[in-house]
Amino acid sequence: MKHVMRRSSALGAVLLAVFLVSLDAAVALQVPEVPSRFEPLVVPDPATSLDVATTPVASLHASDRARAGWERFKAAHAGSWRVHLDRRSGAPLLVEGDGIPWSVAEDASVDSIAAGLRTFIADERDVLLADDAELVLDRDGSGKLTDDVWQIVFSRSVAGVPVAGERYVFSVGHGNLIAFGTPRWSRIAVSPNPRIDAEEAQARMIAYMGLTPADTIEVVAPARLEFVALRAPGASGKAPAGPFAGPLGSGYASALVWRIALRVSGELGTWVARVDAHNGAMRSFVDDDRYARVKGGIYPLASDQICPEGCEQPNFPMPFADVTIGAATSTTTTMGVFTCSPAGSVATTKLAGQYIRINDTCGLISEAVTCSADVDLSVSAGTDCTVPAGSAGGNTHAARTNFYQLNRVAERARTWLPSRTWLTTQMTANVNVNQTCNAVWDGNSTNMFKSGSGCGNTGELAGVVLHEWGHGLDQNDGGDFDNPSEAYADITAFMTTHQSCIGRGFRLSGSNCGGYGDVCLSCSGVRDQDWDKHALHTPATPMGFSAPRCGTSSDGPCGGAGHCESYISGETIWDLATRDLPASGLDQPRRGRSPTSSGSNRAWDRAATRTTARSRARTAAAPRRGSPSCASSTTTMATWPTERPTRPRSSRRSTGTRSLAAWRPTRPIRTAPSAQRWLRPS
Ligand SMILES: [Zn+2]
């Protein structure tokens, strides 16, 4: 089994990577759900949609002046060179090659290297097309990339007016000038002297937005002049569509604009206008807020390193996470997206969101970033208290995995049980608790234990996390605990993971679960709820399974151990979802579905909508030892699809009378014993 999974892991990883990449793209396009009233007024920034026209120098005609210039450059600087120009400007997009010897002193600085580069730029004026007077050293963008590589960036300013988005970048390292180029170097051919002043420009912006004295305005950035690049108009007077094919260096025009940024009280967004400083036209009008994401690595299913689902996967969104910017706290969307406003703010999350708060024994959680960069909780090797380099002590695998898995399952439950207050209030998830080989729902919180004694960290195993949360839902779904709650919890886990093996990776040795004598065939978790993955290949029934195997501890509906008797209901629902319903033509077979897929869950939800008639039939068919509770057992998932307003027919649930003594951990968690539900008997 593991070999099969390993063989498919490469493909799985690729598919997962593709999924994540497309997710990234989708998130980047995320916009606020409630659009601002200014949305219809948007005029895209022309400079952001300018297309460079990449042209290899070698493709130019031999008599072309630019080509002659680069031939001279190559002759002067030995070695091989690759030169690509922007046909619109004639300036080099990228020049790279064997390099020009460039010694960098031990005590070199950005300024000292930049000074040397200015001489080079002046010497090569005919091919670089940059005037020394226009180059403004960008100290924020410049610096040491690695021990031996420097990046020096010059932004551009003409007659003291900055040119938006234009810069020259130089890479110096290993004793050479390695590469240089400019993403855009447009032709500035308009006067730097405005015809309308800043005050009038702002008045035009306010008029354009339809603002009235009733609006409260905050000017974020007062009017300032800048040049913007435009597509050069063609013969018709309009910029031609499609790739630029005109003469080298004739593809850009420019405009002098007033740039103003303001916010309007009660409206989303920081609105930036570029008003033409010569004719007053609105060159662009856009929301400059950045929408960033809280994300991080999680274990989709287990931490057993059987990839992809058993290996940590980066960039999972952190749903409904808290984000603090200054004094304001907001919540990420289901895809982890938040509004970074104003851009350049420091955003912090503590994984203490609207629904789930992580409490990590390993330390505090506090991850911050200057947005609009994403708050990336990142990934790391190791287990338990290991965190990514530079992270706070509580940014563990278990913290990230619990936050993601619990928010996802609770989100799904809210669609079925919209009025359950438990699902809308914050639950604490304790992770890396200083115990091993178990996990517990304590009546208020889930508690996941560290690795050790041959067991994995249960907070890194989706099946265990979901199982304990399932007890919480069971207790809070309107009917207190069902019996056995263990079945309810296992069903909650596999309805989400689509894995009959509950808590894969629990046994670090990889050995199979015992199955109360009907041993599991391929499950390193605590139970396998597929009867066909046990040695006997026979569904569990009260007479066939519970009576001979579950003992007489009396906490199960048939008088046996609840964990053991959970097999009867659990196997029933698994069988219904994976065999009976697909066979009835009610849904597609579930083969090939990713364990993390949130796609079609119809078979699963249908399985939940059925009352477990078969389960009841099995238990009712053979009430053993004269136990009436066996016949009336109603552990079901009926609570998932249809809210149950009254107590279930079974009111004979055991409440607090089950023998916990044998299960008690070395350091008991102080909670009402009646509410404690353990993953497994110990
Ligand atoms: Zn349990």
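**Notebook: disulfides, zinc and cores**

I started with the cysteines and counted seven disulfides. Note to self: this is a predicted model, and I looked at three of the pairs one by one.

**Cysteine pairs**

Cys-307 and Cys-311 came up, with their sulfur atoms 1.9 Å apart. I read -75° about the S-S bond, which makes this link left-handed. I then checked burial at both ends. Cys-307 is partly exposed at 30% relative accessible area, while Cys-311 is buried at 8%.

While I was there I looked at the backbone. The peptide bond between Cys-307 and Pro-308 is cis, with omega about 5°. Pro-308 sits in the loop that runs between β13 (290-298) and β14 (313-317).

Next was the pair Cys-340 and Cys-371, where the sulfurs are 2.0 Å apart. This link is right-handed, with 75° about the S-S bond. What does the pair tie together? Cys-340 is in strand β17 (residues 337-340) and Cys-371 is in the loop between β20 (367-370) and β21 (375-376), so the disulfide joins parts 31 residues apart in sequence. I found Cys-340 buried at 0% relative accessibility, and Cys-371 is buried too, at 4%.

The third pair I opened was Cys-550 and Cys-564, with 1.9 Å between the sulfur atoms. It is left-handed, at -75° about the S-S bond. Cys-564 belongs to helix α11 (562-583) and Cys-550 to the loop between α10 (542-549) and that helix, so the link ties parts 14 residues apart in sequence. Both Cys-550 and Cys-564 are buried.

**Zinc site**

Which atoms hold the zinc ion? I listed His-467 (NE2), His-471 (NE2), Glu-486 (OE) and Trp-678 (O), at 2.0 to 2.4 Å. The angles among the four donor atoms run from 95 to 130°, and the site is tetrahedral. For comparison, I noted that the ideal angle for four tetrahedral donors is 109.5 degrees.

Along the chain, the donor spacing reads H-x3-H-x14-E-x191-W. His-467 is in helix α8 (residues 462-476) and Glu-486 in helix α9 (residues 485-497), so this pair ties together parts 19 residues apart in sequence. I found both His-467 and Glu-486 buried.

I also checked the loop between α8 and α9, where Pro-484 is found. Asn-483 and Pro-484 are joined by a cis peptide bond, with omega about 0°.

**Nonpolar cores**

I pulled up the largest nonpolar core, which has 60 residues. Met-318, Phe-338, Ile-358 and Trp-469 have the most contacts inside it. Helix α7 (residues 397-416) is its top contributor, giving eight residues. Where does this core lie relative to domain 1 and domain 2? Domain 1 (8-21 + 477-678) and domain 2 (22-32 + 291-476) both supply residues, so the core lies between them.

I followed up on Met-318. Beyond residues up to four places away in sequence, it touches a list of partners including Val-294, Ile-298, Leu-351, Leu-377, Phe-403 and Tyr-404. A second, separate core has 33 residues, among them Ala-114, Ile-121, Leu-137 and Tyr-168.

I took one more look at helix α7, where Thr-401 is found. Thr-401 is buried at 0% relative accessible area. Leaving out neighbours within four places in sequence, I found Thr-401 in contact with Ile-298, Tyr-299 and Gly-459. I also checked Thr-401 against Val-431: they are 30 residues apart in sequence and 9.9 Å apart in space, C-alpha to C-alpha.

**Odd backbone angles**

Background for this entry: most residues other than glycine have a negative phi, and most peptide bonds are trans.

I flagged two positive-phi residues. Ala-159 has phi near 50° and is in the loop between β6 (149-158) and β7 (161-173). Leu-351 is at about 50° as well, in the loop between β18 (346-349) and β19 (356-360). Is each one buried or exposed? Ala-159 is exposed, with 64% relative accessible area, whereas Leu-351 is buried at 0%. Leu-351 also appeared among the contacts of Met-318.

**Whole chain**

Last, the totals. I noted 14 helices and 27 strands. Of 682 residues, 51% count as buried. Among contacts between residues at least 6 apart in sequence, 63% join residues at least 24 apart.

Note on methods:
Residues numbered from 1 in each chain as written. Predicted model: local features only at pLDDT ≥ 70, side-chain atom pairs only at ≥ 80, totals over all residues. Heavy atoms only, no water. Donors = N, O, S within 2.8 Å, 3.2 Å for Na, K, Ca; no water. Tetrahedral: all angles 85-135°; square planar, octahedral: opposite > 155°, others 65-115°. Helix = DSSP H or I, 4+ residues; strand = E, 2+ residues; numbered from the N terminus. Buried < 20%, exposed > 50% of the residue type's maximum accessible area, 1.4 Å probe, protein only. Core = buried A, V, L, I, M, F, W, Y, C linked by side-chain atoms within 4.5 Å. Domains from an automatic or database assignment. Contact = heavy atoms within 4.5 Å. Disulfide = S-S within 2.5 Å.
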